[in-house]
Each structure stands twice: as structure tokens, then as C-alpha cells.
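How can the labels given to parts of a protein model be justified from computed values? The questions and answers here take several such labels in turn and set each against its criterion.

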Amino acid sequence: MTEFVKTCCPTDPVLAAVLARLDTMASLSRRFTETAQASEPGQRLGFFTLSRSSILWGTQVLAGLKPLSREVLFFLVDRREVERDVLMETFWPHHPPGRQTANLHMTIYSLRRALGKDLVILEGTIYRLNPEIPTEYDVARFERAAKVAERLAQGDPRRQFALTEAINSYGGPYLPEFTSEWTIDRRRTLQMRYLDLLTANAEEAMLRNQPSQAVSALRPALDIDPLRDDLNQQYIEALALLGRRSEMVEHYQKYVRLLSQELGLDPPEETRSLYQRLIG
């Protein structure tokens, strides 16, 4: 099919963009295959933390680790390398130094017993996962996709596709079952980056006169931050462009009530003026 398109429609700009994307995807696929074949033929460790937490060893779900050991393992995966003192102060801040050291040694021992003695390595005072063990991490995949999208300028024909790819790679809140301070901070950071991607996607959609796509991006964004003025402005404007007047009115009234109840404020003048113009 691609050869047919190249022969019959060589100057069509839309088809040229599609063909370029297909070539890029094929190149990435070949590179991934070559990397996978070149890596150690052993099993791959998979760490999944967005909307759920699970650890895969090959195709098997790893079970049996105590919650604290699992959390320490996720911490090591996320930070890549961690000072021994940072680990002890993060997970056992109120214990005396001797107890902290004993707890850390017991936890590392349990991880090595479950996943192999070479899983966690200690170099001086730094703990890290063995880089020779093939791993997959959903947060790393999300952050790579986000970085690609963020580097593209507004209006770049590749940007909307890259933003969609990054948004789709965010599966949900980070380690939702954990409530420690570091997981809450990391969860919030990732959520804010996801929010920025949704906002950028909505802006790109409006720039391209695609209000339906803007609405789809703004709904989850408003679930995260329902009081953010620019999101509400974009949302009512997109609804107006779609001719969904009653939905626009309902949303604006809900926004006004929420601002009053939560912050004791009225909508800013810019939002009020936009609404009056759209409703008129």
C-alpha cells in the first residue's frame, strides 16, 4: 500500500506526512527488535506503577514481597540510584541508626532472595538495580513520550500526535495504594505533567479548529484541577464552537459555584467576558 501511495500520490502533503510517520515507526520497530535481540536472553523485569502496582518477572506476576519491600524496590526503580542514608531516612526516619541499618539490610536481602542476588548492587554507599538486567518501567516510558512532545513547537504537525502518544502512556495515579510522603510527591509531579500535556493537547486542537478533541482533553484536565481559570475558559469556548449551549451554561454555573464555595471568589473578568460573549 505504501508503495502504491508513493507512486500514485507523490505530492500529496497529508499522505507524505503519513508515509513519513510509517517510516519512523518501522525504523523504531527495527531498532527495538535489534536491541531486544542483543540484550541478555534472560527474563525481563517489568515494573508497572501507573493506576496499579505490579512486578512482572518474564510473564509471571511476582507475589510474596511484603509491602515495604515492594515500596523500596519501586523507589530504587524510580530513582535509579540512591544513597544508603537517603533510603534509611526515607523509609525508617524515626528509628535509631542501628535499627535503620538492620532494616535496610533485611529489606535488600528479601529483594535479592525473591529476584536474585544480583538484582540490587551496592557501590560504595549507593544502591542501584543491576543495569545488566533487562527492565521495563511504565513511568520511564511516559516521561520519554512527554519529553518528545514537549520539545515540539506549537503548530508543528507532529506535535498533536506526540501529545496524544504521551497522554495515552499515562495510565493513572502513581502507586495509588501507597501513602508515604515520597509516593505522594511523585504522584503529584507526574499528575501535573499529565495535566500540562492535556492542556497543550487542547490548545493544539483549538488551534486546528478541532473543538471536539479539545473537549476530550479538557475533561480529564478539569477532573484534576477544576478551579483553573484557563482550562474552564477553553472548555466553555470549545463547547460553544460545538453548539452545545446548554452544556456550556451548565458547566459555567458549576464553575462559578465551585469557585465561590472553595475559594470565596468570583470568576475573573476575562472568563466572565468570554462567557457573556459566547452566551450572547
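The turns below concern a predicted model, and they move from its sheet to its aromatic pairs and then to a pair of helices.

Q: What makes strand 3 and strand 7 the edge strands of the sheet?
A: The sheet is open and has four strands in the order 3-2-1-7, with mixed pairing. Strand 3 (60-61) and strand 7 (135-137) each pair on one side only, and that is what makes them the edge strands.

Q: How do you know that strand 1 pairs with strand 2 and with strand 7?
A: Two strands count as paired if there are at least two bridges between them. Strand 1 (residues 45-48) is joined to strand 7 by three bridges, and these two strands run parallel; four bridges join strand 1 to strand 2 (residues 54-57), and here the strands run antiparallel. Both counts therefore satisfy the requirement of at least two bridges. Gly46 appears in both pairings, standing opposite Glu136 in strand 7 and opposite Leu56 in strand 2.

Q: Which way do the residues of strand 1 point, and are they buried or exposed?
A: Leu45 and Phe47 point one way from strand 1, whereas Gly46 and Phe48 point the other way, and all are buried. In a regular strand the side chains alternate between the two faces of the sheet.

Q: Why is the pair of Phe75 and Trp182 called edge-to-face?
A: A search of the whole structure finds nine aromatic pairs. In the pair of Phe75 and Trp182 the centres are 4.8 Å apart and the planes stand at 80 degrees. Rings pair if their centres lie within 6.5 Å, and planes over 60 degrees apart count as edge-to-face, so both values support the label. The pair links distant parts of the chain, with Phe75 in helix 3 (residues 67-79) and Trp182 in helix 8 (residues 181-207), 107 residues apart.

Q: Why do Phe75 and Trp182 count as buried?
A: Buried means under 20% relative accessible area. Phe75 has a relative accessible area of 1% and Trp182 is at 7%, so both residues fall under that cut-off.

Q: Why is the pair of Tyr252 and Tyr275 called stacked?
A: Their ring centres are 3.7 Å apart and their planes lie at 5 degrees; because planes under 30 degrees apart count as stacked, the label follows. This pair also links distant parts of the chain, since Tyr252 belongs to helix 11 (residues 245-263) and Tyr275 to helix 12 (residues 269-279), 23 residues apart. Both Tyr252 and Tyr275 are buried.

Q: How do helix 9 and helix 10 cross, and which kinds of residue make up their contact?
A: The axes of helix 9 (residues 211-224) and helix 10 (residues 229-241) come within 9 Å and cross at roughly 145 degrees, and the crossing is left-handed. Among the residues making the contact are Pro211, Leu218 and Arg219 of helix 9 and Leu231, Asn232 and Tyr235 of helix 10. The residues of this contact divide into 11 nonpolar, two polar and one charged.

Methods: Residues numbered from 1 in each chain as written. Predicted model: local features only at pLDDT ≥ 70, side-chain atom pairs only at ≥ 80, totals over all residues. Heavy atoms only, no water. Buried < 20%, exposed > 50% of the residue type's maximum accessible area, 1.4 Å probe, protein only. Phe/Tyr/Trp six-rings, centres within 6.5 Å; stacked < 30°, edge-to-face > 60°. Axes fitted to C-alpha atoms, helices over the stretch in contact; angles between N-to-C directions. Left-handed = near helix turned anticlockwise from the far one by under 90°. Contact = heavy atoms within 4.5 Å. Nonpolar A, V, L, I, M, F, W, Y, C, P; charged D, E, K, R; others polar.
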